[in-house]
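I opened a fresh page for this chain and set down, entry by entry, what I looked up.

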Amino acid sequence: MSIRLAVSPFALAGAVLLGCARPAPRPIAYGEEACRHCHMTIADPRFAAELVTTTGKVYVFDDVGCLTAFVHRGPVPPSQVHGLWVYDYLQPDSLLDARQALYLRVDSLATPMASHLAALRAGAAADSLRARLGGTFLTWDRLPAGRHDG
């Protein structure tokens, strides 16, 4: 007796599309997930970040400083990093490519791990925040390596 399996063309197409999906960031479960670097519970979306590997594995962080420390420590080789993402401080539901974002470093800004960094989209809103809080604008390649003891 032989058993024949019937597979819908739509199911097959869906499986192929899922298998071919590009690696991408995902929503963080705030108050539930721990930072991959410092292991603190991620609570404030204004400072969160993600690293996505070429295989689609997502590492989440509670502070831009934790992301930079993790990247500099090197547990994920640069060749396996698909993308680095940060949440916009002024629009925490908006993701920015970490390498394209603008960072405001303000000593008085209380961040989860004391990096004092806020990721922003360049423009008038970022300029206004800097005028109000002071601080210095930095680009990704100018960010400090972060604490490595996480």
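The entries below go from confidence and overall layout to strands, a helix, a proline, the cysteines and the aromatic rings.

**Entry 1, confidence.** I began with the reliability of the coordinates, since this is a predicted model. The mean pLDDT of the chain is 89, and 84% of its residues reach 70 or more. I then went to the start of the chain, where the pLDDT over residues 1-8 is below 50 and the stretch has one contact in the model beyond near neighbours in sequence. Residues 10-17 read alike in my notes: the pLDDT is below 50 there, and beyond near neighbours in sequence I find one contact for this stretch.

**Entry 2, overall layout.** I counted secondary structure next and noted three helices and seven strands. Following the sequence from its start, I wrote the pattern down as α-β-β-α-β-β-β-β-α-β. Of the 150 residues in the chain, buried residues make up 38%. For the range of the contacts, I took those with a separation of 6 or more and found that residues 24 or more positions apart account for 57% of them.

**Entry 3, the four-stranded sheet.** In what order do the strands of the open sheet lie? I read the order as β2-β1-β3-β4, with antiparallel pairing across the four strands. The edges are β2 (58-61) and β4 (95-97), each of which pairs on one side only, and the twist from one strand to the next averages 25°. Looking at a single pairing within this sheet, I noted that β1 (residues 49-53) and β2 run antiparallel to each other over four bridges, and that valine 52 stands opposite valine 58 in β2.

**Entry 4, β5 and β6.** I turned to another pairing, that of β5 and β6, which is antiparallel and extends over four bridges. Leucine 104 has alanine 118 in β6 as its bridge partner. Strand β6 (residues 117-120) is covered on both faces, with Leu117 and Ala119 buried on one side and Ala118 and Leu120 buried on the other.

**Entry 5, helix α2.** How many residues of helix α2 (residues 64-73) are buried? I found seven of its ten residues to be buried, so I recorded the helix as mostly covered. The buried residues are Val64, Gly65, Cys66, Leu67, Thr68, Ala69 and Phe70. When I looked for what covers them, the list included β1, β2, β3 (81-87), β5 and β6.

**Entry 6, proline 23.** Proline 23 lies in the loop between α1 (9-19) and β1. Is this proline buried or exposed? Its relative accessibility is 19%, and because buried means under 20%, I entered proline 23 as buried. Leaving out residues up to four places away in sequence, I listed what proline 23 touches: Val52, Thr53, Thr54, Gly56 and His82. One of these, threonine 54, is 31 residues apart from proline 23 in sequence, while their C-alpha atoms are 6.3 Å apart in space.

**Entry 7, cysteines.** I searched the whole structure for disulfides and found zero. Why does cysteine 38 have no bond to the closest cysteine sulfur? That closest sulfur belongs to cysteine 35 and is 3.7 Å from the sulfur of cysteine 38, which is too far for a bond, because the cut-off is 2.5 Å. For cysteine 66 the closest cysteine sulfur is also in cysteine 35, at 3.8 Å, again too far for a bond. As for burial, cysteine 38 has a relative accessible area of 15% and is buried, and cysteine 66, at 2% relative accessibility, counts as buried too.

**Entry 8, aromatic rings.** My last search was for ring pairs, and the count came to four aromatic pairs. In the pair of tyrosine 103 and tryptophan 140 the ring centres are 6.3 Å apart and the planes stand at 50°, so I entered the pair as tilted. This pair links distant parts of the chain, since tyrosine 103 is in strand β5 (residues 102-105) and tryptophan 140 is in the segment after β7 (136-138), 37 residues apart. Both tyrosine 103 and tryptophan 140 are buried. Elsewhere in my notes on rings, Tyr59, Phe61 and Phe70 are linked by ring pairs into a cluster. Phe70 had already come up in the entry on α2, where I listed it among the buried residues.

Key
Residues numbered from 1 in each chain as written. Predicted model: local features only at pLDDT ≥ 70, side-chain atom pairs only at ≥ 80, totals over all residues. Heavy atoms only, no water. pLDDT = per-residue confidence, 0-100. Contact = heavy atoms within 4.5 Å. Buried < 20%, exposed > 50% of the residue type's maximum accessible area, 1.4 Å probe, protein only. Phe/Tyr/Trp six-rings, centres within 6.5 Å; stacked < 30°, edge-to-face > 60°. Helix = DSSP H or I, 4+ residues; strand = E, 2+ residues; numbered from the N terminus. Pairing = 2+ DSSP bridges. Axes fitted to C-alpha atoms, helices over the stretch in contact; angles between N-to-C directions.
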